[in-house]
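Let's take a walk through this protein together, starting from the overall picture and then moving to single helices and residues. Please keep the structure open beside the text as you read.

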Amino acid sequence: QLVYPYDFRLTEKEVRAIFFSSFPWSFVIFSVSGGLGDTQFSFRLRQSGGQRTTHYEDDGEYNREAPLTLQRESAHYFGYVYFRQVKDSSMKRGYFQKSLVLVSRLPYVNLFQSLLQLIAPEYFDKLEPCLEAVCNEIDQWPPPVPGQTLNLPVMGVVIQVRIPSRVDKPGSSPVKQFNQENLLPAPLVLPSIHELDLFRCFQPVLIHVQMLWELMLLGEPIVVMAPSPTVSSEMVLALTSCLAPLRYCCDYRPYFTIHDSEFKEYTTRTQAPPNIVVGVTNPFFIKTLQHWPHILRVGELRMSGDLPKQVKVKKLAKLKTLDTKPGIYTSYKTFLHKDKTLIKRLLKGIQRKRPSEVQSALLRRHLLELTQSFIIPLEHYIASLMPLQRAITPWKNPPQIRPFRQEDFMKTLEHAGPQLTCVLKGDWLGLYRRFFKSPNFDGWYRQRHKEMTQKLEALHLEAICEANIVAWMKDKSEVEIVDLVLKLREKLVRARCQHLPVKEETLQRVGLYIETIIGSLPEDLQTVLHHH
């Protein structure tokens, strides 16, 4: 019915995708039955129709400072949905059924769902004028700067959030008490802009968390079959978050419908299923996705005073087209042995009636330690591929980073493997071998290689600054000197464009060097170089 702000351009394909992803189809009423009330969930869709300029032009700066898991997406949109369904005899079907959807490139699920809880009830009541007022307020919000605490006023409430930064210590809890700055009314403080209640999401699968962590680490294709879009989207987002601080580099769809443009691509049997986690609610998918290797079927998530019924791991052949019981349908054998201590701790927490957020923090800490134990040996090995600092000389191109050799890495594990930080036994070598074939390894390696290349460039610029340029120029021809000027200029431009980790004074000194060199050349060359 309405897109606000009006100048936000979506392609027809995107509008269609957003429409079909914005309703919990299994609950949409085509005849009279009990109303659902209000429900919230989220989806993620592929952008169609090429790159578009974003509202903020500082994407690069934000993405450099934000944790990898919270970067602004360039090729996908997130949709955050608030759906209302209530009896209304004036409506054709006897019900009012409407969704308000917030579309963003940022994965701030808590912030945006909290925002919708404030806006949507007002919008359903007052319609467009409400959206106009809200958008005027949101227009005044500062852009998200990693490391900063923001006060975001909307509809008489101030939402207070801290935007996480890449330099935050992994696993450190968000700052509990923000600076209240005598805000009146007292702000609505969100402890996290994006972290879900992991304990609640993983309730039915707590004893299988490690298996799910392995499947996510290896980028395996997983279907989450849930009774509602809320459960499906929360479970998918919980799964993708369990590798932090490692970025999950595969595709994921928190709520996927048969109307999605990728439906054919994902359900075809002519090729292997893609590396993706999809959340679905339509029982029809049990038939169409039967050939997928891992299917997680969950029921409604209900918090109760004791350990919820845990689903069992079952063979894929047991997957019934109708009335499939909750379970993990897979033939996957885990590489690592099960960790009993986590379950014991969580059980103790349940007996002691610990709040859900404390249980979630335990679970998150466990997954973080598991990921770190796995990734630290890789970090140590890749750091050893960096050339020595003394090999970086000012007048030669910086040396190359040595290639990553899987077998050489495997040899390091005997003395510096995960066993140093993790008590878990199992086939760690087998797990690394499988990981090397996954998009997550590829994404991790590319990111690290890029950072190391930039570090080398920065070290090279510093080496140039320390050098005696006048001595070098003594026996050089004009051609060589002009060549040096052009190369240094190119380096300077690159350093500024790519925001290399170089001190500003180093860049200024290189600029002065260039001027000094040009000043020593004949006037005709000086004129050419100044115009170049």
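The paragraphs below go from the whole chain to its cores, its helix pairs and a few individual residues.

A word on the source before anything else: this is a predicted model. The protein has 532 residues, and 48% of them are buried. Its secondary structure comprises 18 helices and 12 strands. Along the principal axes, the C-alpha atoms occupy a box of roughly 90 × 60 × 55 Å. If you take the contacts between residues at least 6 apart in sequence, 73% of them link residues at least 24 apart.

Let's go inside next. In soluble globular proteins, nonpolar side chains tend to be buried together. Here the largest nonpolar core has 105 residues, and the members that touch the most others are Phe202, Trp213, Phe374 and Leu378. Where does this core lie with respect to domain 1 and domain 2? It lies between them, because domain 1 (10-140) and domain 2 (196-449) both contribute residues to it. Phe374 makes a good place to zoom in: leaving out residues up to four places away in sequence, it touches Trp213, Leu217, Trp428, Leu431, Tyr432 and Phe435. Apart from this core there is another one, of 25 residues, including Ala458, Met473, Val482 and Leu488.

Now for the helices. Two packed helices are described by the angle between their axes and the distance between the axes. Helix H11 (residues 356-383) packs against H14 at an angle of about 35°, and their axes are 12 Å apart. The crossing of this pair is right-handed. On the H11 side the contact involves Ile375, Leu378, Glu379 and Ile382, and on the H14 side Trp444, Tyr445, Arg448 and Met452. You may recognise Leu378 from the list of residues that touch the most other members of the largest core.

Helix H14 (residues 439-466) has a second partner to look at, helix H17 (residues 504-519): the two axes come within 9 Å and cross at roughly 55°. That angle is why H14 is oblique to H17. H14 passes H17 in a left-handed crossing, whereas the crossing of H11 and H14 is right-handed. The residues that meet are Leu461, Glu462, Ile464, Cys465 and Glu466 in H14, and Thr506, Leu507, Arg509, Val510 and Tyr513 in H17.

Two buried polar residues come next. Ser233 belongs to helix H7 (residues 229-241). Is Ser233 buried or exposed? Its relative accessible area is 2%, so it counts as buried. Beyond its neighbours up to four places away in sequence, Ser233 touches Phe41, Ser42 and Pro254. For a sense of scale, you can draw a line from the C-alpha atom of Ser233 to that of Leu492: these residues are 259 apart along the chain, and their C-alpha atoms are separated by 46 Å.

Gln71 sits in the loop between helix H2 (59-65) and strand E2 (76-87). With a relative accessible area of 12%, Gln71 is buried too, under the 20% cut-off for that label. Which residues surround it? Setting aside neighbours within four places in sequence, Gln71 is in contact with Tyr62, Asn63, Ala66, Arg105, Pro107, Arg166 and Arg247.

Finally, have a look at the backbone. Most residues other than glycine have a negative phi, and most peptide bonds are trans. The bond from Tyr4 to Pro5 is cis, with omega near -5°, and Pro5 lies in the segment before helix H1 (12-21). Ala244 and Pro245 are also joined by a cis peptide bond, with omega about 10°. Pro245 is in the loop between H7 and strand E8 (251-253).

Two residues that are not glycine have a positive phi worth checking in your viewer: Met155, at about 50°, and Lys353, at about 55°. Met155 is in the loop between strand E4 (149-154) and strand E5 (157-162), and at 29% relative accessible area it is partly exposed. Lys353 lies in the loop between helix H10 (340-351) and H11. Its relative accessibility is 69%, so Lys353 counts as exposed.

How values were computed. Residues numbered from 1 in each chain as written. Predicted model: local features only at pLDDT ≥ 70, side-chain atom pairs only at ≥ 80, totals over all residues. Heavy atoms only, no water. Core = buried A, V, L, I, M, F, W, Y, C linked by side-chain atoms within 4.5 Å. Buried < 20%, exposed > 50% of the residue type's maximum accessible area, 1.4 Å probe, protein only. Domains from an automatic or database assignment. Contact = heavy atoms within 4.5 Å. Axes fitted to C-alpha atoms, helices over the stretch in contact; angles between N-to-C directions. Helix = DSSP H or I, 4+ residues; strand = E, 2+ residues; numbered from the N terminus. Parallel < 35°, antiparallel > 145°, perpendicular 65-115°, else oblique. Left-handed = near helix turned anticlockwise from the far one by under 90°.
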